[in-house]
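Dear colleague,

I am handing over the structure we spoke about, and below it you will find notes on what turned up when its empty spaces were searched.

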Amino acid sequence: MGKVIAIANQKGGVGKTTTAINLAASLAVLEKKVLIIDADPQANTTSGLNFSPDNDEKRTLYEVMIGSISIQDALIQTEIANLQMVPSHINMVAVEIEMLDEQDRESILKKALAPVRNNYDYIIIDCSPSLGLITVNSLTAADSVIVPVQPEFFALEGLGKLLQTIRLVQNGVNPGLTIEGFVVTMFDGRTKMHSQVLNQLREHFKDMVFKTIIQRNINLSEAPSHGKPIILYDVACNGTSNYLNLAKEVLEKNKN
């Protein structure tokens, strides 16, 4: 059965979608079968993998969540052979209202994923930056969470609400949910504050912080505008090696 990993942080601009896209692509290049699910109404993962939901807005995660299609009907093949995607659409903003009266509304995504879990080694969910019902669905469906953290002064303080939400999900609908790890993104070793925050994270969360650091890299910012993961945009850049190393670290953690 494939492992489901949610990429989550309620703070915007921390490299969440960049991490979702490039971790998924790197795992696929390392010969794992991967599904990436765009659970964010902004649909940045969708466009970052060269697909516009407006081309066919009847086959997105929104339709899956409201039960009008199965998840198999929403699957899209990306440019990478082992990587498929379920796209998002701005319509996702209405899902939380439409799910309010649903029974077991926190488990809708988990149930939708059940028929395809065995088809993949990893399922990566790019969560919405809000901590609403869509994110709760993602955390309920997940086995673990990877939290991207930007090395800035309020990084630790900003994690509080997310960790509280994770605890609520653990205590309620998904007791098996674990934190896969915290990954530091947009790191600039020339900046003293970045090194201080990294040290704080490692002091506070110990081995839960990935050894791999995602360095600040202009190509990582440019790649989504070309609809490509970094490994297809510039195979030789630091961003590619960083995310390949992160993928290898994830694989190492999940060997057993």
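On a 1 Å grid over the protein atoms alone, a cavity is a set of points where a 1.4 Å probe fits but cannot get out, a pocket is an open set with protein on both sides within 12 Å along at least five of seven lines, and lining residues have an atom within 4 Å of a point. This is a predicted model, in which local features need pLDDT of at least 70 and side-chain atom pairs pLDDT 80 or more, while totals for chains, interfaces and linings use all residues. Residues are numbered from 1 along each chain as its sequence is written, and side-chain values use heavy atoms, with hydrogens and water left out.

The largest cavity is lined by N9, K11, V14, P148, V149, Q150, E152, A155, G158 and L159, and its volume is about 50 Å³ (the space filled by probe spheres set on the grid points, which are joined across faces, edges and corners). Helix α7 gives the largest share of that lining, 3 residues (helices are DSSP runs of H or I, at least four residues, and strands are runs of E, at least two, numbered from the N terminus).

The second largest cavity holds about 40 Å³, and its lining includes T18, I21 and N22, with α1 supplying the largest share, 3 residues.

The largest pocket holds about 360 Å³, and of its 23 lining residues the closest to its centre are G13, V14, G15, T18 and M186.

Finally, helix α6 (residues 133–141) is largely enclosed by the rest of the structure, because 9 of its 9 residues are buried (under 20% relative accessible area, with a 1.4 Å probe and protein chains only).

With best wishes

Notes
Buried means under 20% relative accessible area, exposed over 50%, partly exposed in between (1.4 Å probe, protein chains only).
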